[in-house]
Amino acid sequence: QVQLVESGGGLVQPGGSLRLSCAASGSRFSIKAMAWYRQAPGSQRELVAEITSGGSSHYADSVKGRFTISGDNAKNTVYLQMNSLKPEDTAVYFCNARAGLHETIYEYIAWGQGTQVTVSS
C-alpha cells in the first residue's frame, strides 16, 4: 500500500507564493506518475499539474506559467511551487499517485488527505 502525506499549505496574500510537498511511502511499489488536484468550495475536483517518473509534466491552463511541478524519484516526493497566487487558487489541494506493485501487473491510485491553500488579503 502507498500512503501520501501533503504539507506546505496555508494562508497567503494575492501575489504570494507557497510550496507544497507530497511524500509517498510504502513497500514493493514504483511510482508511475504523481499529480496535484484541487477542489474549491462548490466545485468539482480538478487536475492542477502532473508529472511522470520520466519527468514529463502537464498543467491546467489556469495555472500554466505560475505553478511548477517537480519530483524527486529517489525520495518518491513531488512538489508544487505556486507563484503569483490568486484568490481563485483557494482550494484544498490533493496529492495523487499512480503506482505499480513490483513483480506484478497491478496498478493502483493513492490519494493524500489534502492541504488547504487560502489566498486572501
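Which residue stands opposite Arg98 in β10? The exercises below lead to the solution and beyond. This is a predicted model in which local features need pLDDT of at least 70, side-chain atom pairs count only at pLDDT 80 or more, and totals for chains, interfaces and linings use all residues. Residues are numbered from 1 along each chain as its sequence is written, and side-chain values use heavy atoms, with hydrogens and water left out.

**Exercise 1. Strand β9 and its partners**

Task: Determine which strands pair with β9, and name a residue pair for each.

Solution.

Step 1. Fix the terms. Strands (E, at least two residues) are DSSP runs, numbered from the N terminus. Two strands pair if DSSP finds at least two bridges between them.

Step 2. Begin with β10 (residues 107-111), which pairs with β9 in the antiparallel sense over five bridges. Here Arg98 stands opposite Ile109, which settles the opening question.

Step 3. Turn to β4 (residues 29-39), which is joined to β9 by ten bridges, again antiparallel. In this pairing, Gln39 has Val92 of β9 as its bridge partner.

Step 4. Add β11 (residues 115-119), which runs antiparallel to β9 and is joined to it by three bridges. Tyr93 stands opposite Thr115 of β11.

Step 5. Consider burial, where buried means under 20% relative accessible area, exposed over 50%, and partly exposed in between (1.4 Å probe, protein chains only). Strand β9 (residues 91-101) has eight buried residues out of eleven, so the rest of the structure largely encloses it.

**Exercise 2. The loop residues Arg28 and Glu103**

Task: Describe where Arg28 and Glu103 lie and how their side chains meet.

Solution.

Step 1. Locate the residues. Arg28 is in the loop between β3 and β4, and Glu103 is in the loop between β9 and β10.

Step 2. Examine the backbone. Arg28 has a positive phi near 55°, although it is a residue other than glycine. The hairpin of β9 and β10 has five residues between the strands, and within it Glu103 takes a positive phi near 65°.

Step 3. Assess exposure. With a relative accessible area of 76%, Glu103 is exposed.

Step 4. Apply the salt-bridge rule: a side-chain nitrogen of Lys or Arg lies within 4 Å of a carboxyl oxygen of Asp or Glu. Arg28 and Glu103 form such a bridge, at 3.2 Å from N to O. The pair links distant parts of the chain, 75 residues apart.

**Exercise 3. Further salt bridges**

Task: State how many salt bridges the whole structure has, and contrast a buried pair with an exposed pair.

Solution.

Step 1. The search of the whole structure gives five salt bridges.

Step 2. One of them joins the side chains of Arg38 and Asp89, at 3.0 Å from N to O. Arg38 belongs to strand β4 and Asp89 to the loop between β8 (77-82) and β9, so this contact ties together parts that are 51 residues apart in sequence. Both Arg38 and Asp89 are buried.

Step 3. Another joins Asp61 and Lys64, with an N to O distance of 3.3 Å. Both Asp61 and Lys64 are exposed.

Step 4. Finally, a network of salt bridges links Arg38, Glu46, Arg66 and Asp89.

**Exercise 4. A charge over two rings**

Task: Which rings lie beneath Arg45?

Solution.

Step 1. Use the criterion: NZ of Lys or CZ of Arg must be within 6 Å of the ring centre and within 35 degrees of the ring normal.

Step 2. The charged end of Arg45 sits over the ring of Phe94, 3.8 Å from the centre. Arg45 also lies over the face of Trp111, at 4.8 Å from the ring centre.

**Exercise 5. Core and open sheet**

Task: Identify what β9 gives to the largest nonpolar core, and set out the strand order of the open sheet.

Solution.

Step 1. A nonpolar core is a set of buried Ala, Val, Leu, Ile, Met, Phe, Trp, Tyr and Cys residues joined through side-chain atoms within 4.5 Å. The largest has 30 residues, of which Leu4, Met34, Trp36, Leu80, Met82 and Tyr93 touch the most other members. Strand β9 gives the most to this core, with five residues.

Step 2. The open sheet has four strands in the order β1-β3-β8-β7, with antiparallel pairing. Its edge strands, β1 (3-7) and β7, each pair on one side only.

Step 3. Six bridges join the antiparallel strands β7 and β8, and Asp72 stands opposite Thr77 of β8.
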